[in-house]
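Visitor: Please take a close look at the surroundings of the ligand in this structure. I would like one connected account of that part.

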Amino acid sequence: MSRFIVNGGKKLRGEVEVQGSKNSALPILAATILTEGENILHNCSGLSDVATALRILRYLGCSAKKTGCTVLVNTDSICRNDIPDNLMREMRSSIVFLGAIISRTGKAKLGFPGGCELGPRPIDLHLKALRQMGVKISERHGVLECTAEKGLRGAHIALSFPSVGATENIILAAVKAKGTTTITNAAREPEISDLCDYLISCGANIYGAGEGVITIDGVDKLFSTQHTIIPDRIVAATLMAAAASTGSEIYLKGLIHSHLNSIIPAFEETGCQVELERGNMLFKAPDRLKPMALIRTMPYPGFPTDAQAPLMAAATLCKGTSVFVENIFENRYKHVDELVRLGANINVQGKVAVVTGVESLYGAVIEAQDLRGAAGLLVAALAAEGTTELSGINYLERGYEDFEVVLSSLGASIRKI
Ligand code: UD1
């Protein structure tokens, strides 16, 4: 089991190119199942979740090769429509393969998805929508058996919550369905727009991506294409939090500024200065951060649940009290007890966390229990005086590529053992 040894308290300095988005790459890799010919995907990070998606494609009989940040996928030879339980359990995003497999083969058999345990993460919205589109689904012994004997048909789908995964699954099922599908209360995350941009470049008819109502006119065929995955806004937010907690100045390259619209104001409230210039950002933190009145996680364009833990880690060092309200997942404060081990003062009541800033954190032995929680603990460890030993970094590696190398290049003292 790997761990990070971090000697905290060092200022960061330098520039970093932000990696490609995990949450874009995974649904786009699933979407290749709908296409004919060879797809070339650029800016695809070397993450364990990406490796899992490639293993799923290969298990299905497709060819999937990754060289550097480029992935070549050809799904012409697909010969299966099931995903084994071990691959389903590795990540929640494995569920987006369902819409694509059922569209391509008329059948799918898979277990319930795994991923980080953030409280109940049901898939009822996914299944209800697919049923509306003509899929018969039986759930027995934890296995979903899905058939669409007469093919998929367009439907009007009103989501009761703008679920990212459900919106992706519906889009994947709808692009080659008969007729028109309308999704109301669709998720508006940039990763949804990236998926739609990829599909449109393959020949799909999709209108309204990035808005609350998405309309999809089904087509008979989709072709392969070349596509560049968008930069990862959560990795950018994590690097901003690392700079904020250590009073540092860093330069982030390769961003899409508008994707950070709800994240930048939170850091500005703490006194950090953000200068944007053509896809890059100069980020300067003060020696001591000011508190944030209220951070509420919300569906996009609100503050992202994925950036809550890294921002909270920085908030532990603010001069004053910050309040967080986690509205997306019930169990997304698992990093709190470990932050407290580092000397943080945090009180959690249900979905509310009250963070009373302390002057300094100190190194300790801590353990991450989920992906973004691991990122938050690392942000705190970088700021903590003395040595922190962080285990559970397999979670971090699901979403951050060679993060110890990135942080070392900025001057952090971190090594993986
Ligand atoms: C969520 C985040 C996404 C993030 C990802 C990984 C939101 C809106 N979504 O996406 O930004 O990148 O986690 O951390 O912030 N739900 C149901 N039934 C369903 C599907 C979802 O009740 O069928 C509920 C979930 O329990 C959860 C909420 O809806 O409370 C958000 O779920 P959803 O957006 O689907 O989650 P992810 O796709 O995992």
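Guide: What follows starts at the ligand, moves outward to the domains, and ends with a loop residue and a helix.

The model is a predicted one, and in it 19 residues surround the ligand, the closest being Asp-124, Leu-125, Ser-163, Asp-306 and Ile-328. By class, the residues of this shell divide into eight nonpolar, five polar and six charged. Two helices, α5 (124–132) and α6 (164–174), each supply at least two residues of the shell, and α5 gives the most, with three residues.

Turning to polar contacts, a nitrogen atom of the ligand is 2.7 Å from an N or O atom in the side chain of Asp-124, whereas with Gly-165 the partner is a backbone N or O atom, which lies 2.8 Å from an oxygen atom of the ligand. At Ile-328, a polar backbone atom is 2.5 Å from an oxygen atom of the ligand. Taken alone, the ligand exposes 720 Å², and the protein buries 85% of that area.

The position of the ligand can also be described through the domain assignment, which gives domain 1 (3–18 + 234–416) and domain 2 (22–227) in the protein chain. Both domains give residues to the shell around the ligand, so the ligand lies between them. The C-alpha centres of domain 1 and domain 2 lie 31 Å apart, and 21 residues of domain 1 are in contact with 21 residues of domain 2.

Asp-232 deserves separate attention; its place is in the loop between β14 (226–228) and α8 (233–245). Because its relative accessibility is 3%, Asp-232 counts as buried. A polar atom of the Asp-232 side chain lies 2.9 Å from the backbone nitrogen of Ile-234, and the side chain of Asp-232 also reaches the backbone nitrogen of Val-235 at 3.0 Å. Not counting residues up to four places away in sequence, Asp-232 touches Val-18, Gln-19, Gly-20, Ser-21 and Lys-22. Gly-399 is 167 residues from Asp-232 in sequence, yet the two are 9.5 Å apart in space, C-alpha to C-alpha.

Two of the residues touched by Asp-232, Ser-21 and Lys-22, lead on to helix α1. Ser-21 caps the N-terminal end of α1, with a side-chain oxygen 3.3 Å from the backbone nitrogen of Asn-23. Within α1, Lys-22 is buried, and so are others including Leu-26, Ile-28 and Leu-29. Nine of the ten residues of α1 (residues 22–31) are buried, so this helix is largely enclosed by the rest of the structure.

Technical notes:
Residues numbered from 1 in each chain as written. Predicted model: local features only at pLDDT ≥ 70, side-chain atom pairs only at ≥ 80, totals over all residues. Heavy atoms only, no water. Buried < 20%, exposed > 50% of the residue type's maximum accessible area, 1.4 Å probe, protein only. Helix = DSSP H or I, 4+ residues; strand = E, 2+ residues; numbered from the N terminus. Polar contact = N/O pair within 3.5 Å; in protein donor to acceptor, adjacent residues only side chain to side chain. Near = heavy atom within 4 Å. Areas by Shrake-Rupley, 256 points an atom, 1.4 Å probe, with all protein chains shown as cover. Nonpolar A, V, L, I, M, F, W, Y, C, P; charged D, E, K, R; others polar. Domains from an automatic or database assignment. Contact = heavy atoms within 4.5 Å.
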